[in-house]
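Have a look at the fold below, and then let's talk it through together. The questions start with a single residue and work outwards.

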Amino acid sequence: MVSTTHQNAIQQTKLWVEQVVIGLKLCPFAAKPVKDDRVSYIVAGDAPMEQHLQQLADCFKQLDSAIDIETSLLIFPGSYPSFDDYLELLHLSNLLLDDLRYSGIYQLASFHPAYCFENSDEDDAANFTNRSPYPMLHIIRESSLEKAIAGFDGIEQVPLSNVKTLRELGYKEMESSLREILQTEDD
């Protein structure tokens, strides 16, 4: 993984959100909070998993008190290069969500550079719906998501549309896009 500063990790993540998530219309709800500057980008330092889980708990508390923040991305640029290790973090993060009684208030979406859906080939372009420059956890307000879904016709078609879009672009194109984003440095 590319060594980078926290600022670069944030810049590269923002670029990924703008070019891939919003640019390819993978998430129909992402543009508004980004445009309104209501996304919190938090970089986790190189630390043991227990400290990362504490940082996640802190993110929940921050969202509790900061109504101007719609959603948060907790980014792990120096950790979890192995997808299996990341899946362990994700599992423990969801347990923490339950233990702290945040289920139904927040939910987690998962992203990783080597994300691979179960029963999917590693080189299936559809995996790029959840591939990102760095391992990260996306903390989403349930109430905001429910409101957005209620005002969106055809939500059940979004995953199918995403798969179609990404497969049409192809694995090599998506891999190249992610590589270009990682080569972007803070000015």
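**From one residue to the whole chain**

Q: Is Leu108 buried or exposed?
A: In this predicted model, Leu108 has a relative accessible area of 13%. Buried means under 20%, so Leu108 counts as buried.

Q: Which residues does Leu108 touch, leaving out those up to four places away in sequence?
A: Start from the strand: Leu108 is found in E3, which covers residues 106–111. Contact here means heavy atoms within 4.5 Å. With residues up to four places away in sequence set aside, the partners of Leu108 are Leu56, Phe60, Ser93, Asn94, His138 and Ile139.

Q: What distance separates the C-alpha atoms of Leu108 and Tyr41?
A: Along the chain, Leu108 and Tyr41 are 67 residues apart. In space, their C-alpha atoms are separated by 15 Å.

Q: In what order do the helices and strands follow one another along the protein chain?
A: The protein chain has seven helices and four strands to place. Read along the sequence, they give the pattern α-α-β-α-β-α-β-β-α-α-α.

Q: Which radius of gyration does the protein chain have, and why does it agree with a compact globule?
A: Along its principal axes, the C-alpha trace spans about 40 × 40 × 40 Å. For 187 residues, a compact globule would have a radius of gyration near 16 Å. The protein chain agrees with that because its own value is 16 Å.

Q: What percentage of contacts between residues at least 6 apart join residues at least 24 apart?
A: Let's set burial beside this: buried residues make up 44% of the 187 in the protein chain. Turning to contacts between residues at least 6 apart in sequence, the share joining residues at least 24 apart is 75%.

Q: How many positive and negative side chains are there, and how far apart do the centres of the two sets lie?
A: The protein chain carries 14 positive and 30 negative side chains. Taking the centre of each set, the separation is 7 Å.

Q: How many salt bridges are counted?
A: Side chains of opposite charge can pair when their charged atoms come close. The cut-off used is a side-chain nitrogen of Lys or Arg within 4 Å of a carboxyl oxygen of Asp or Glu. By this rule, the count is five.

Q: Which residues are linked in a network of salt bridges?
A: One pair to look at is Lys32 with Asp36, whose closest N and O atoms are 2.8 Å apart. Lys32 is exposed at 58% relative accessibility, and Asp36 is partly exposed at 30%. The network links Lys32, Lys35 and Asp36.

Q: Where do Glu70 and Arg38 lie along the chain?
A: Their side chains meet in a salt bridge, at 3.4 Å from N to O. The pair links distant parts of the chain, 32 residues apart. Glu70 is buried at 16% relative accessibility, while Arg38 is partly exposed at 27%. Glu70 lies in the loop between helix H3 (49–65) and strand E2 (71–75), and Arg38 in the loop between helix H2 (31–35) and strand E1 (39–43).

Q: Why are Glu168 and Lys164 separated by about one helical turn?
A: The side chains of Glu168 and Lys164 form a salt bridge, 3.2 Å from N to O, and both residues are exposed. They share helix H6, residues 158–169. The separation is about one helical turn because Glu168 and Lys164 are four residues apart in H6.

How values were computed
Residues are numbered from 1 along each chain as its sequence is written. This is a predicted model: local features need pLDDT of at least 70, side-chain atom pairs count only at pLDDT 80 or more; totals for chains, interfaces and linings use all residues. Side-chain values use heavy atoms; hydrogens and water are left out. Helices (H or I, at least four residues) and strands (E, at least two) are DSSP runs, numbered from the N terminus. The radius of gyration is taken over C-alpha atoms; the globule rule is 2.2 Å times the number of residues to the power 0.38. Buried means under 20% relative accessible area, exposed over 50%, partly exposed in between (1.4 Å probe, protein chains only). Lys and Arg count as positive and Asp and Glu as negative; His and the chain ends are not counted. The place of a charge is taken as NZ of Lys, CZ of Arg, CG of Asp or CD of Glu.
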